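Please follow this explanation with the sequence and the structure side by side, since each paragraph takes up one part of the chain and then moves on to the next.

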Amino acid sequence: MAGGGAAAARAAPGARGGVRIVVAGDRGTGKSSLIVTAAADTFPINVPPLLPPTRLPDDLYPDRVPVTIIDTSSSMENRGRLAEELKRADAVVLTYACDQPATLDRLSTFWLPELRRLEVKVPVIVVGCKLDLRDDEHPLSLEQVMSPIMQQFREIETCIECSAFKQIQVPEVFYYAQKAVLHPTAPLFDQEAQTLKPRCVRALKRIFILCDHDRDGALSDAELNDFQVKCFNAPLQPSEIVGVKRVVQEKLPEGVNDRGLTLTGFLFLHALFIEKGRLETTWTVLRKFGYNNDIRLSDDQLPPPIKRAPDQSVELTSEALDFLRGIFLLFDSDGDGALNPTELEDLFSTAPESPWDGAPYKDAAEKTALGGLALDGFLSEWALMTLLDPVRSIENLIYCGYAGDPSSAIRITRRRRLDRKKQRSERNVFQCFVFGPKKAGKSALLNSFIGRPFADMASTSEERYAVNAVDLPGGTKKTLILREIPEDGVPKLLYTKDSLAACDIAVFVHDRSDEFSWKRATDLLVKVASHGEANGCEVPCLIVAAKDDLDPFTTEIQDSTRVSQDMGIEAPIPVSNRLRDFNNVFLRIVSAAEHPHLSIPETEAGKSRKQYHRLVNRSLMFVSVGAAVAIVGLAAYRVYAARKNASS
């Protein structure tokens, strides 16, 4: 594999507009002299206090990317301007004077902490200027001087000493700065451990699999040559292929087998390139396959942000679901009908990280007794990710090998407003908001939905999700997502006008043995229903009477009957998590969501508004009818008068 720095630079972030390097450091450390010498290739006799932006010749470095150098003043009155320039930098060159040890100390006591304070997260090149003036009576190597600082400040990419007066290593300063932007080390390589970073390994593994056309676990000579042409626009000679494999085999015997270069050997080669300072080779490969500096697929590899109305959602298409079923079978290596944690990690080993390791996906789906995901749980996690973050869902589909048009993987659902008019929802994934007071049984309801035993249940004050497939009569399935809304989070949720637009159905849980719990649940019901009425986001609502194994409070039956009748919704559904008696509650939730024109509660305020509008409309009707009668009467009179005049 050969290098291709210019190709990588063209695709690198910031390369199109050139690289902007800001030079900072204490006064008198040689900043301006360094810049002028680099640009003019001669040491300046008179240097102005502050240089204007200086552009280096485009052909000065192999990448042929424009480099603009920004000089800065270290005086207190220019501190604001300095901060602005540092925040706009692609790389920062920090200078100290080799003949002034105090300026070296200032790097760790002021300059590097200042960059962190300003949140300037770009490569830093530390440059010792005035090398010709250093006292050589007590010589210290650059490594001895800089090692402690580099241990403390990992953002330092490179350290170098130079002399503008003697023109020693001046071009190298800005070459390293440009290279740190175009081909940064940090995303690829752990300098301390001397190994490729996990995300780099995952990306290279995906690239290896994409290039292994015959899926035999090795890159043959022909596949290696195709890879070389794709990345570097030049074929490998047979002798070069033999040489590459010999280098690998000498250092790592398992890196080559009788079929060709293995994944282990492929990774070894890239680690070798990086150790030898040839980062541009690995970056060329990554960028050719669509990766950005964060080693994620760049935006142009993904669909644009998906435009949809607040009451529309995003679901996977049947094409994407078929792909996922195939992937599930492929990675279920033990054939037990579930993906255990190791198999799941293997499935996502070509993604930057496993997308379900953190909230809200972690523990959101039903697990098997051994901690694996059955097919329903696997597809449910994808449904949740697609609903909450469709672009991320598509991104991970691509990492897992989805080769179709990304837009073919998702569909935007019909608006809920139209669903209500049609009196039927065609969605396959429903989102249910679960409301209720503390200790009412919300978390227990979510846990029971994903098969967690009663003993594992604990009260929580955080918003969380549970997702699973629900079997419907006739053999079809729908995916139901339960989103638990903490009692304290309701005001924040209802603060925005469209906050209920994402809700297919709302469920209100109360402890049927606790009268206060019932009152709080009905208060929440009225708040949610009122918000929906006021903003055109009416949603079907159900009441769940949890803890049915306990004795109800005295007036529970009368109160619940009155509220359900007054608001025009179903009577509360009794459930008992302790007894595992759920009264088909999840099927009933899906059935209500499928018919969005039913089970919509009506508040007294809503009834009053409707009655008022009816009266107004009736009054307008009477006025319009009266006006019509008057007009007809006037016309008749005119006809009568005309006839009378004619006869006389």
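**A covered strand and its neighbours**

In this predicted model, strand S18, which spans residues 477-484, is mostly covered, with seven of its eight residues buried. One of its partners is strand S16 (residues 429-435), which runs parallel to S18 and is joined to it by six bridges; within this pairing, Val434 has Glu484 of S18 as its bridge partner. Another partner is strand S17 (residues 464-471), which runs antiparallel to S18 and is joined to it by eight bridges, and here Tyr465 has Arg483 of S18 as its bridge partner. S17 and S18 form a hairpin with five residues between them, and in that turn Gly474 has a positive phi of about 95°.

Arg483 deserves a second look, for besides being the bridge partner of Tyr465, Arg483 lies over the face of Phe433, at 4.7 Å from the ring centre. A comparable arrangement of charge and ring can be found elsewhere in the chain, where Lys230 lies over the face of Phe289, at 4.9 Å from the ring centre.

The cysteines come next. A disulfide is a covalent bond between the sulfur atoms of two cysteines, and a search of the whole structure finds zero of them. Cys231 is in no disulfide, and the nearest cysteine sulfur, which belongs to Cys211, is 6.4 Å away, whereas the cut-off for a disulfide is 2.5 Å. Cys432 is likewise in no disulfide, with the nearest cysteine sulfur, that of Cys503, 6.5 Å away. As for their surroundings, Cys231 is buried, with a relative accessible area of 1%, and Cys432 also counts as buried, at 0% relative accessibility.

From sulfur we turn to aromatic rings. A pair of aromatic rings is described by the distance of the centres and the angle of the planes, and in this model the count comes to 17 aromatic pairs. In one of them, the rings of Tyr61 and Tyr175 have their centres 5.6 Å apart and their planes at 50°, so this pair is tilted. Because Tyr61 lies in the loop between strand S2 (54-56) and strand S3 (67-70), while Tyr175 belongs to helix H6 (residues 170-182), the pair ties together parts that are 114 residues apart in sequence. Tyr61 is buried, with a relative accessible area of 7%, but Tyr175, at 25% relative accessibility, counts as partly exposed.

A further pair consists of Phe449 and Phe586, whose ring centres lie 4.6 Å apart and whose planes stand at 40°, so that this pair, too, is tilted. Phe449 is in helix H17 (residues 442-449) and Phe586 in helix H21 (residues 585-594), and the pair therefore ties together parts that are 137 residues apart in sequence. Phe449 counts as buried at 6% relative accessibility, and Phe586 is buried as well, with a relative accessible area of 11%.

Which residues do ring pairs link into a cluster? They are Phe328, Phe348, Trp356, Phe378 and Trp382. This part of the chain also carries an annotation, for an unreviewed UniProt entry lists residues 319-354 as "domain: EF-hand". In the model, the span of residues 319-354 is 56% helix and 6% strand, and its end C-alpha atoms lie 23 Å apart.

Conventions
Residues are numbered from 1 along each chain as its sequence is written. This is a predicted model: local features need pLDDT of at least 70, side-chain atom pairs count only at pLDDT 80 or more; totals for chains, interfaces and linings use all residues. Side-chain values use heavy atoms; hydrogens and water are left out. UniProt positions are given in the numbering used here, feature names are shortened, and annotations may be inferred rather than shown by experiment. Helices (H or I, at least four residues) and strands (E, at least two) are DSSP runs, numbered from the N terminus. Buried means under 20% relative accessible area, exposed over 50%, partly exposed in between (1.4 Å probe, protein chains only). Rings of Phe, Tyr and Trp (its six-membered ring) pair if their centres lie within 6.5 Å; planes under 30 degrees apart count as stacked, over 60 as edge-to-face and the rest as tilted. A charge sits over a ring if NZ of Lys or CZ of Arg is within 6 Å of the ring centre and within 35 degrees of the ring normal. Two strands pair if DSSP finds at least two bridges between them.
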